[in-house]
Amino acid sequence: MQRIAIVINSLKKGGAEKQAVLLGRVLCGSYDVRIVVMRPEEGISEELLRLYGGNKSDIIPLGGNHGKGMAGLWSVLREWKPQVMFCYLTYSNVIGAMVGRMCRVRYIYQGLRNAYIPGYKIPAELIANILSTGAVLNNHAGVDYFAKRGVKHIKVIENCFPSVRDAYVRQSHGHVTVVTVARFHPQKDYLTSIRAFRIAHERVPTMRYRIIGHGEDEALVRSWINAEGLDDCVEIFVNPADVSRLVDECDIYMSTSLWEGTSNSIMEAMDASLPVVATDVGDNCRLVGNGVTGYLCQIRDVEAVASSLVALAESPTLRNDMGCRGNALLRECYSETLFREKYVALINDALSASQAQEAQVR
């Protein structure tokens with residue numbers, strides 16, 4: 001059985017971490033898979049372990065400082081000898097490519113998880129790209145961005161969503177709840193979300209806003225809510241265990257990110273049959289059909305986001321129609337089956353090329 005290594009910084013809650021676990025899950029029936037966690041001290045989510053569902057011994061935590069982490073990865077790769085390795089995020093991309101080359105892993109793929117990354121990370125990703133077989137990008141929007149910066153051999157494989165639920169039609173009730181699930185981080189631009197909600201709430205006073213997240217900007221987000229006079233109509237849930245239930249109780253999903261790849265949180269909203277108001281970044285335009293499954297707005301366009309929220313808040317029928325169409329799109333285009341097929345094709349193409357080269361040598 002062919003051996004596949006998946007290398008990632010941590011298994012804390014996050015989009016890249018979830019997709020790494022899902023990759024292990026869809027491949028483990030056909031390949032011998034190991035998920036190597038470089039920095040387990042940053043967190044290993046019980047939720048992600050349950051999502052994996054495979055043999056927990058397949059997950060190998062390393063830990064320690066950079067030197068110990070590299071030595072631990074070198075030991076795993078030298079002993080186990082995987083044919084293919086997938087890395088996720090800049091740190092693991094660089095370390096994985098360096099150590100993988102030293103250990104003669106034949107096919108190494110760096111994982112790019114956004115359509116944009118801060119400029120200071122580009123040199124590191126270029127080093128990883130030189131040492132790797134190619135790059136797997138989870139969105140189409142970032143292909144030109146990375147190619148123009150020198151990244152070569154890019155393959156797009158979108159995120160997947162496991163076990164999409166049946167579409168759900170919500171009954172109208174006394175208030176409309178908007179929800180956002182995102183880290184408290186500048187990328188997510190909570191200031192636009194909060195200001196847009198304040199304008200929408202002035203027009204539809206029965207609206208409520210539920211924020212689910214965690215991160216370094218929590219105090220800043222709370223200060224913005226207070227400054228806009230929204231303390232009585234905004235709830236914040238910090239890293240709760242029951243995110244799915246909290247989302248299911250809501251009526252509209254809002255995302256005002258400044259950049260994205262393929263948004264896991266928007267996919268979760270589609271699974272919950274929620275209409276989506278989102279900024280037109282990354283592959284959001286592939287998830288959100290403007291006027292079909294929700295509304296797309298330009299970044300920092302507070303008025304456009306607010307108007308979209310109001311249009312949905314005022315029409316239960318529109319919310320349900322858009323939410324059900326989004327649910328159908330998720331099932332059709334982002335299934336585990338498609339995800340697995342694309343990765344298996346990438347692996348098989350690489351291994352077939354290797355076998356052909358070896359036959360020519362003989």
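A disulfide is a pair of cysteine sulfur atoms within 2.5 Å. The exercises below apply this and similar criteria to a predicted model.

**Exercise 1. Cysteines**

Determine how many disulfides the structure holds, and examine Cys160 and Cys333 as individual cases.

Solution.
- Step 1. For Cys333, the closest cysteine sulfur belongs to Cys285 and lies 13 Å away, which is too far for a bond.
- Step 2. For Cys160, the closest cysteine sulfur is that of Cys28, again at 13 Å and too far for a bond.
- Step 3. The count under this rule is zero disulfides.
- Step 4. The surroundings of each residue may be added. Cys160 has a relative accessible area of 1% and is therefore buried. Cys333, at 32%, is partly exposed, because the partly exposed class lies between 20% and 50%.

**Exercise 2. Geometry and burial of helix 1**

Compare the expected span of helix 1 (residues 15–27) with the distance between its end C-alpha atoms, then state how many of its residues are buried.

Solution.
- Step 1. The expected span is 1.5 Å times one less than the number of residues. For the 13 residues of helix 1 this gives 18 Å.
- Step 2. The end C-alpha atoms are 18 Å apart, which agrees with the expected span.
- Step 3. Of the 13 residues, 11 are buried, so by the under 20% criterion the helix is mostly covered. Among them are Glu17, Lys18 and Gln19, together with Val21, Leu22 and Leu23.

**Exercise 3. Aromatic pairs**

Classify the ring pairs Tyr116–Trp259 and Phe339–Tyr343, and locate each in the chain.

Solution.
- Step 1. The structure holds eight aromatic pairs. In one of them, the ring centres of Tyr116 and Trp259 are 4.8 Å apart and the planes meet at 65°, so the pair is edge-to-face.
- Step 2. This pair links distant parts of the chain, 143 residues apart: Tyr116 is in the loop between strand 5 and helix 5, and Trp259 is in the loop between strand 11 and helix 10.
- Step 3. Tyr116 is partly exposed at 32% relative accessibility, whereas Trp259 is buried at 18%.
- Step 4. For Phe339 and Tyr343, the centres are 5.1 Å apart and the planes lie at 70°, so this pair is also edge-to-face.
- Step 5. Phe339 and Tyr343 are four residues apart in helix 14 (residues 336–361), which means a separation of about one helical turn. An α-helix has 3.6 residues a turn, so residues three or four places apart point the same way.
- Step 6. Phe339 is buried at 4%, as is Tyr343 at 2%. Both belong to one aromatic cluster with Phe86 and Tyr109.

Terms used:
Residues numbered from 1 in each chain as written. Predicted model: local features only at pLDDT ≥ 70, side-chain atom pairs only at ≥ 80, totals over all residues. Heavy atoms only, no water. Buried < 20%, exposed > 50% of the residue type's maximum accessible area, 1.4 Å probe, protein only. Helix = DSSP H or I, 4+ residues; strand = E, 2+ residues; numbered from the N terminus. Phe/Tyr/Trp six-rings, centres within 6.5 Å; stacked < 30°, edge-to-face > 60°.
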